[in-house]
Amino acid sequence: MKKLFEKHSVFGIVDMFKLPTVPIQKVKKKSGKDISIKMTKKAVLVRSLEDIKAKKKGFEEFSKLIPKQPAIVFTEMDPFKFYAMVDKLKVPAAAKEGDIAPADIEIHAGPTNLLAGPAISELTKVGIPAGVEEGKISVKKDVVVAKKGSPISKPLANALKKLGVEPMAIGINVVAIYQNGMIYSKDVLSLVGETYMNKIREAFTQALNLSVSIGYPTKSNISYLLAKAKLAADAIESKISLDKPKAEAQAQPENKNESGGTS
């Protein structure tokens, strides 16, 4: 372990708690020789890090992140590229009580492989309209049984399992990745891909709105500022046009008639 830490400049901590072997195998197959995953006891890992702490910058903080059931990934890949690859290699899994729905869970209408019996009441209790067709249970219509972000109850988890629905995704739980003194936490690594681009777009929109509001001209906002100025000018012109006849009427002298009166 010591030699591996000294040899590689990039390594990550993986939490192996309740993690099946399938995600590990998929990552190994996908990455080939680019990464090496070593599973070991926490006590062994901590001891192997003792001598490394003095040699590598920031290693003291990295060693504090070790979970109870750790694995170490050794690689030369860019941390963000590695995390993006791992994040895509997730496998579907059945839901358990207390899991949070990663997306809307929808059950589609149609026949199932369940024989007619007590399972019908289990499905109806969780809001799945079910009946019997040709001796087997059939879902009568499409229904969303859990919204994204909502907790999954035990009855719903059991019903989904009976239907063979696997709404969850299991993958390698990367805690953090170390690279040349820098420690990238999962929160930072998860910004890769579309999530990061969405944040960039949001930041640009907010900056654009602020610059237009304060009238600070830039190449990106000049068209908006000109349009804003045109609207303001039109509003002022409209106000002037309305007030002009009144002003002219007030300024016009009174005309006297022949009898000496005024008209």
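# Worked exercises on a predicted model

The protein chain has 10 helices and 12 strands. Keep in mind that this is a predicted model. Grab the structure viewer and let's work through it.

## Exercise 1: Overall form

**Task.** Work out what the radius of gyration says about how spread out the protein chain is.

**Solution.**
- Step 1: Start with the radius of gyration, which is 34 Å for the protein chain.
- Step 2: Set that against the globule rule, which gives 18 Å for 263 residues. The value for the chain is well over that, so the chain is more spread out than a compact globule.
- Step 3: Now look at the spans. Along its principal axes, the C-alpha trace covers about 120 × 70 × 30 Å.
- Step 4: Add the surface. About 17400 Å² of the chain is accessible, and carbon and sulfur atoms account for 56% of that. Of the 263 residues, 31% count as buried.
- Step 5: Finish with the contacts. Take those between residues at least 6 apart in sequence: 74% of them join residues at least 24 apart.

## Exercise 2: Sides of three helices

**Task.** Find which residues of α3, α5 and α7 are buried, and decide how they sit around each helix axis.

**Solution.**
- Step 1: Begin with α3, which runs over residues 42–50. L45, S48 and L49 are its buried residues. Looking down the axis, you'd see them fall within an arc of 100°, so they line one face of the helix.
- Step 2: Flip α3 over. The face turned away from the buried side carries A43 and R47, both exposed.
- Step 3: Ask what the buried residues of α3 pack against. The partners are α1 (2–7), α4 (59–63) and β3 (70–75).
- Step 4: Move to α5, residues 79–88, where P79, F82, Y83, M85 and V86 are buried. The arc here is within 160°, so these residues also line one face of their helix. K81 and K88 are exposed on the face turned away from it.
- Step 5: For α7, the buried set is L156, A157, A159 and L160. An arc of only 165° around the axis puts them on the same side of α7.
- Step 6: Check the neighbours of α7. Its buried residues pack against β5 (105–107), α6 and β9 (143–146). After the helix comes G164, with a positive phi near 80°.

## Exercise 3: A buried loop residue

**Task.** Locate M77, say whether it is buried or exposed, and list what it touches.

**Solution.**
- Step 1: Find M77 in the loop between β3 and α5.
- Step 2: Read off its relative accessible area, 19%. Buried means under 20%, so M77 counts as buried.
- Step 3: List the contacts, skipping residues up to four places away in sequence: V10, D34, I35, F82 and M85. Two names should ring a bell, as F82 and M85 are among the buried residues of α5.
- Step 4: Look at V10 again. It is 67 residues from M77 along the chain, yet their C-alpha atoms are separated by 7.2 Å.

## Exercise 4: Charged pairs

**Task.** Say how many salt bridges the whole structure holds, then describe three of them.

**Solution.**
- Step 1: Recall the principle: side chains of opposite charge can pair when their charged atoms come close.
- Step 2: Count them. The search of the whole structure turns up four salt bridges.
- Step 3: Take K96 and D99, whose side chains meet at 3.9 Å, N to O. D99 is buried, at 18% relative accessible area.
- Step 4: Next, E122 and K162, also listed at 3.9 Å, N to O. This pair links distant parts of the chain: E122 is in α6 (residues 119–125), K162 is in α7 (residues 154–163), and they are 40 residues apart. E122 is partly exposed at 31%, and K162 is partly exposed at 39%.
- Step 5: Finally, K230 and D234, with their closest N and O atoms 2.8 Å apart. Both sit in α10 (residues 222–251), four residues apart, so about one helical turn separates them. D234 is partly exposed, at 31% relative accessibility.

## Exercise 5: A nonpolar patch

**Task.** Name the residues that make the nonpolar surface patch of about 270 Å².

**Solution.**
- Step 1: The patch is made by Y196, M197 and I200.
- Step 2: Place I200 in helix α9, residues 194–214.
- Step 3: Check its accessibility: I200 is partly exposed, with a relative accessible area of 39%.

Technical notes
Residues are numbered from 1 along each chain as its sequence is written. Side-chain values use heavy atoms; hydrogens and water are left out. Patches are made of residues with over 30% relative accessible area and no salt bridge: like charges are joined within 9 Å, nonpolar side chains (Val, Leu, Ile, Met, Phe, Trp, Tyr) within 5 Å. Accessible areas come from the Shrake-Rupley method with a 1.4 Å probe; for residues, only the protein chains shown count as cover. Buried means under 20% relative accessible area, exposed over 50%, partly exposed in between (1.4 Å probe, protein chains only). The arc is that of the directions from the helix axis to the C-beta atoms. Contact means heavy atoms within 4.5 Å. The radius of gyration is taken over C-alpha atoms; the globule rule is 2.2 Å times the number of residues to the power 0.38.
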